[in-house]
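Grab a pencil and open the viewer. Below are some short exercises, each with a solution worked out step by step.

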Amino acid sequence: GKLLNTPSSNLLGGRFRDRVRVYDHTAPSNMLDKASCKAWAEKVKADPAGFTAHKFGFPHEKLTNRTLSSRELVAIQRGFENCREAVGFDHDIMVHCHSEYDVRTAIQIAEAVAPIKPLWLEDPLLVDYSSSWQRLTASAKVPICMGENLARREGFLPFIVNQGCDILNPDLRNSGGFLETKRIADMASPFGMPIATHNTASQVHTYGNINWASTIQDYIATETVTGKGDWMDKVLILDEPYVQGGHIKVTNKPGMGITLNPDVVRAHLAAGETWWG
């Protein structure tokens with residue numbers, strides 16, 4: 001893009017949007033305590049970045065197998081209901097499961113959180129495709145999202161053709177970068193399967209996601225661990241505030257449109273690294 005003096009989004013076929021929604025991981029300190037949930041809701045609504053979508057799981061005892069007790073399932077339902085009551089429906093909640101459960105337990109979790117209408121239930125089953133994914137997706141009353149640990153089209157293909165999830169969630173670092181992940185999205189499009197992106201990396205990678213996501217018609221949101229106002233939001237030299245109203249604007253500058261802030265990068269190099277600029 002920089003060589004051709006054009007935004008990378010143009011090289012991917014052009015944009016469908018000029019800004020992309022992002023979400024964070026802010027969660028109550030105690031989901032079973034309504035006062036804690038109220039304090040959380042007040043905090044996220046006052047956040048100057050304006051995030052309106054939040055992904056988190058329910059803390060529970062360390063799993064020794066892939067099932068949950070009735071007590072744990074009831075606690076999950078009550079905890080997420082407390083969150084929804086506190087924050088209302090102007091904010092979206094995503095329920096994260098970290099690939100921890102068997103299919104029956106995943107179905108029970110989907111049932112437990114259905115009343116809060118989550119934007120999605122993420123990674124409830126083991127990573128690789130099996131018919132259990134199809135069984136879960138067909139029975140769940142909430143959207144099933146997965147894909148952060150899959151690689152290339154081959155990893156996503158069985159989920160697409162067998163309707164093994166509702167939302168694909170590739171990570172550009174794992175799925176094959178801009179071009180391969182664009183092929184995955186194009187392959188999912190005829191099946192009416194929308195895309196989100198997993199992103200637990202730096203501001204640089206977040207801007208990569210924003211550029212890429214702008215070119216996907218059926219796109220929901222990208223994750224970010226940035227946008228909190230600390231040094232990680234200063235890795236790039238920007239012309240305007242970073243996250244605004246829970247979105248990041250797509251740049252019109254060549255390539256990904258980013259310029260590193262050398263002072264910040266130098267100050268936060270990993271141990272043993274030297275500045276390459």
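A salt bridge here is a side-chain nitrogen of Lys or Arg within 4 Å of a carboxyl oxygen of Asp or Glu. Before you start, note that this is a predicted model, where local features need pLDDT of at least 70, side-chain atom pairs count only at pLDDT 80 or more, and totals for chains, interfaces and linings use all residues. Residues are numbered from 1 along each chain as its sequence is written, and side-chain values use heavy atoms, with hydrogens and water left out.

**Exercise 1. Work out how Asp-263 and Arg-266 are paired, and how open each one is.**

Step 1: Check the distance. The closest N and O atoms of Asp-263 and Arg-266 are 3.9 Å apart, and the two form a salt bridge.

Step 2: Look at the spacing. Both sit in helix H10, and because they are three residues apart, about one helical turn separates them. (Helices are DSSP runs of H or I with at least four residues, strands are runs of E with at least two, and both are numbered from the N terminus.)

Step 3: Read the accessibility. Buried means under 20% relative accessible area, exposed over 50%, and partly exposed in between, using a 1.4 Å probe and protein chains only. Asp-263 has 56% relative accessibility, so it counts as exposed. Arg-266, at 45%, counts as partly exposed.

Step 4: Look for a network. Salt bridges that share partners join Arg-152, Arg-153, Glu-180 and Arg-183 into one network.

**Exercise 2. Take two more salt bridges, Asp-186 with Lys-182 and Asp-239 with Lys-253, and find where the partners lie.**

Step 1: Start with Asp-186 and Lys-182. Their closest N and O atoms are 3.6 Å apart. Both residues belong to helix H8 (residues 177–188), four residues apart, which is about one turn of the helix.

Step 2: Compare their cover. Asp-186 is partly exposed at 45% relative accessibility, while Lys-182 is buried at 14%.

Step 3: Move to Asp-239 and Lys-253. Here the closest N and O atoms are 2.9 Å apart. This pair links distant parts of the chain: Asp-239 is in the loop between strand E8 (219–223) and strand E9 (247–249), Lys-253 is in the loop between E9 and helix H10 (262–267), and they are 14 residues apart.

Step 4: Check their cover too. Asp-239 is exposed, with a relative accessible area of 66%, and Lys-253 is partly exposed, with 35%.

Step 5: Get the total. By this rule the model has 14 salt bridges.

**Exercise 3. How many aromatic pairs are there, and how do the rings of Tyr-23 and Trp-120 meet?**

Step 1: Set the rule. Rings of Phe, Tyr and Trp (its six-membered ring) pair if their centres lie within 6.5 Å; planes under 30 degrees apart count as stacked, over 60 as edge-to-face and the rest as tilted.

Step 2: Count. The rule gives eight aromatic pairs.

Step 3: Classify Tyr-23 and Trp-120. Their ring centres are 5.6 Å apart and their planes are at 80 degrees, so the pair is edge-to-face. Tyr-23 is in strand E1 (residues 19–23) and Trp-120 in strand E4 (residues 120–122), so that the pair links distant parts of the chain, 97 residues apart. Tyr-23 and Trp-120 are both buried.

Step 4: Try Trp-133 and Phe-159. They too make an edge-to-face pair, at 5.5 Å centre to centre and 75 degrees between the planes. Trp-133 is in helix H5 (residues 131–139) and Phe-159 in helix H6 (residues 152–161), so the pair ties together parts that are 26 residues apart in sequence. Both Trp-133 and Phe-159 are buried.

Step 5: Add the cluster. Trp-40, Phe-56 and Phe-80 form one aromatic cluster.

**Exercise 4. Is helix H9 mostly covered or mostly open, and what does Asn-211 touch?**

Step 1: Count the covered residues. H9 spans residues 203–213, and ten of its eleven residues are buried, so by the buried cut-off the helix is mostly covered. Among the buried ones are Gln-203, His-205, Tyr-207 and Trp-212.

Step 2: Zoom in on Asn-211, which lies in H9. At 0% relative accessibility, Asn-211 counts as buried.

Step 3: List its contacts (heavy atoms within 4.5 Å). Leaving aside neighbours within four places in sequence, Asn-211 is in contact with Ser-8, Ser-9, Val-250, Thr-251, Gly-255 and Met-256.
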